[in-house]
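Here are my notes on this model, written as numbered points. It helps to keep the structure open alongside and click through the residues as they come up.

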Amino acid sequence: MTPPPSGPVCAGASTAAGRRAATGPAPFAAYPSFTSYVRARGPVLLRTARSLTANHSDAEDLLQTALAKTFMAWERIEDHRALDGYVRRALLNTRTSQWRKRKVDEYACGDDLPEPAGLPEGDPAERQVLHDAMWRAVMKLPDRQRAMVVLRYYEDLSEAQTAEVLGVSVGTVKSAVSRALGKLREDPELSPVR
């Protein structure tokens with residue numbers, strides 16, 4: 001019986017590790033400002049990613065992809081004060097690419113949630129049910145309208161900022177948001193109990 005090999009199992013991994021050791025520290029060490037940016041703005045950016053996806057895991061993957069794209073372009077980004085806009089744009093572009101590849105509409109399901117009948121106005125459970133119903137309604141919107149509603153109302157961007165992030169005119173944002181709000185008003189889950 002022969003003893004197990006004592007070296008690395010994958011020769012490619014040892015070669016890559018040897019190259020890394022020979023060339024210097026890990027690539028992130030070259031941009032400490034990127035690391036600082038991700039630490040400071042990560043939670044806010046994750047919230048944006050979460051609003052574009054159906055679940056938390058997809059949001060984390062989406063943000064990771066957008067941050068990887070941002071890292072690859074770090075040297076080319078001239079105005080680091082506009083990084084949030086750059087990353088938001090990367091989030092939207094990445095998510096749009098995923099939607100195009102998938103070609104399947106995703107709708108949140110949650111028919112098993114109880115109705116909040118008779119709960120007091122300030123009840124946290126009632127607020128959570130309303131929050132969940134709102135998210136289900138927002139997730140039913142077409143992709144472009146959903147992105148505009150998220151940027152406009154969840155990210156609290158102005159119409160001009162939303163238009164800039166999406167690369168459309170302010171008028172397009174106004175009309176699309178107006179149509180989206182009309183659809184939300186008509187959603188049966190969001191209509192008041194009569």
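1. Let's start with tryptophan 74. Leaving out residues up to four places away in sequence, tryptophan 74 touches Tyr31, Ser33, Phe34, Tyr37, His80 and Leu83. Do keep in mind that this is a predicted model.

2. How far can you trust the coordinates? Mean pLDDT for the chain is 75, with 70% of the residues at 70 or more. The part to be wary of is residues 1-26, where pLDDT stays under 50. For that stretch the model has one contact beyond four places in sequence. Where pLDDT is low, the coordinates shouldn't be read in detail, and I'd leave that segment out of any close reading.

3. On the overall layout, the chain has eight helices and zero strands, so to speak an α-α-α-α-α-α-α-α pattern when read along the sequence. Of the 194 residues, 31% are buried. Among contacts with a separation of 6 or more, 59% are between residues 24 or more positions apart.

4. Which residues touch the most other members of the largest nonpolar core? They are Leu63, Trp74, Val87, Leu91 and Leu92, out of 30 residues in that core. The elements giving two or more residues to this core are H2 (32-52), H3, H4 (83-102), H6 (143-154), H7 and H8 (170-186). H3 gives the most, with six residues. Apart from this core lies another, of eight residues, including Ala137, Val138, Met139 and Leu184. As general background, nonpolar side chains in soluble globular proteins tend to be buried together.

5. H3 (residues 56-72) passes a simple geometry check. Its 17 residues, at 1.5 Å a residue, should span 24 Å, and the end C-alpha atoms are indeed 24 Å apart, which agrees. The N-terminal end of H3 is capped by asparagine 55, which has a side-chain oxygen 3.1 Å from the backbone nitrogen of serine 57. The buried residues of H3 are Ala59, Leu62, Leu63, Ala66, Leu67, Thr70 and Phe71.

6. H7 (residues 159-166) has Thr162, Ala163, Val165 and Leu166 as its buried residues. These cover an arc of only 165° around the axis, which puts them on the same side of H7. Glycine 167 follows H7, and its phi is positive, near 70°.

7. Three residues of H4 deserve a look, and leucine 83 is one of them. Its relative accessibility is 4%, so leucine 83 counts as buried. Leaving aside neighbours within four places in sequence, leucine 83 is in contact with Tyr37, Trp74 and Ile77. Leucine 83 and arginine 41 are 42 residues apart in sequence, and their C-alpha atoms are 9.7 Å apart.

8. Is arginine 88, also in H4, buried or exposed? Buried: its relative accessibility is 9%, and the cut-off for buried is under 20%. A polar contact of 3.0 Å joins the side chain of arginine 88 to that of glutamate 155. Beyond four places in sequence, arginine 88 is in contact with Thr48, Leu151, Glu155, Leu157 and Val165. Val165 also appears in the buried set of H7.

9. Threonine 94 belongs to H4 too, and it counts as buried because its relative accessibility is 5%. What does its side chain reach? The side chain of threonine 94 reaches the backbone oxygen of alanine 90, at 2.7 Å. Setting aside residues up to four places away in sequence, threonine 94 touches Leu62, Thr65 and Lys69. Leu62 is one of the buried residues of H3.

10. Last stop is leucine 184, in H8. Leucine 184 is buried, with a relative accessible area of 8%. Apart from residues up to four places away in sequence, leucine 184 touches Ala137, Val138, Leu141 and Leu190. Ala137 and Val138 are listed with Leu184 in the eight-residue core. Methionine 134 lies 50 residues from leucine 184 along the chain, and the two C-alpha atoms are separated by 8.2 Å.

How values were computed. Residues are numbered from 1 along each chain as its sequence is written. This is a predicted model: local features need pLDDT of at least 70, side-chain atom pairs count only at pLDDT 80 or more; totals for chains, interfaces and linings use all residues. Side-chain values use heavy atoms; hydrogens and water are left out. Buried means under 20% relative accessible area, exposed over 50%, partly exposed in between (1.4 Å probe, protein chains only). Helices (H or I, at least four residues) and strands (E, at least two) are DSSP runs, numbered from the N terminus. The arc is that of the directions from the helix axis to the C-beta atoms. The expected span of a helix is 1.5 Å times one less than its number of residues. A polar contact is a pair of N or O atoms within 3.5 Å; within protein, one must be able to donate a hydrogen and the other to accept it, and residues adjacent in sequence count only if both atoms are side-chain atoms. pLDDT is the predictor's confidence in each residue, from 0 to 100. Contact means heavy atoms within 4.5 Å. A nonpolar core is a set of buried Ala, Val, Leu, Ile, Met, Phe, Trp, Tyr and Cys residues joined through side-chain atoms within 4.5 Å.
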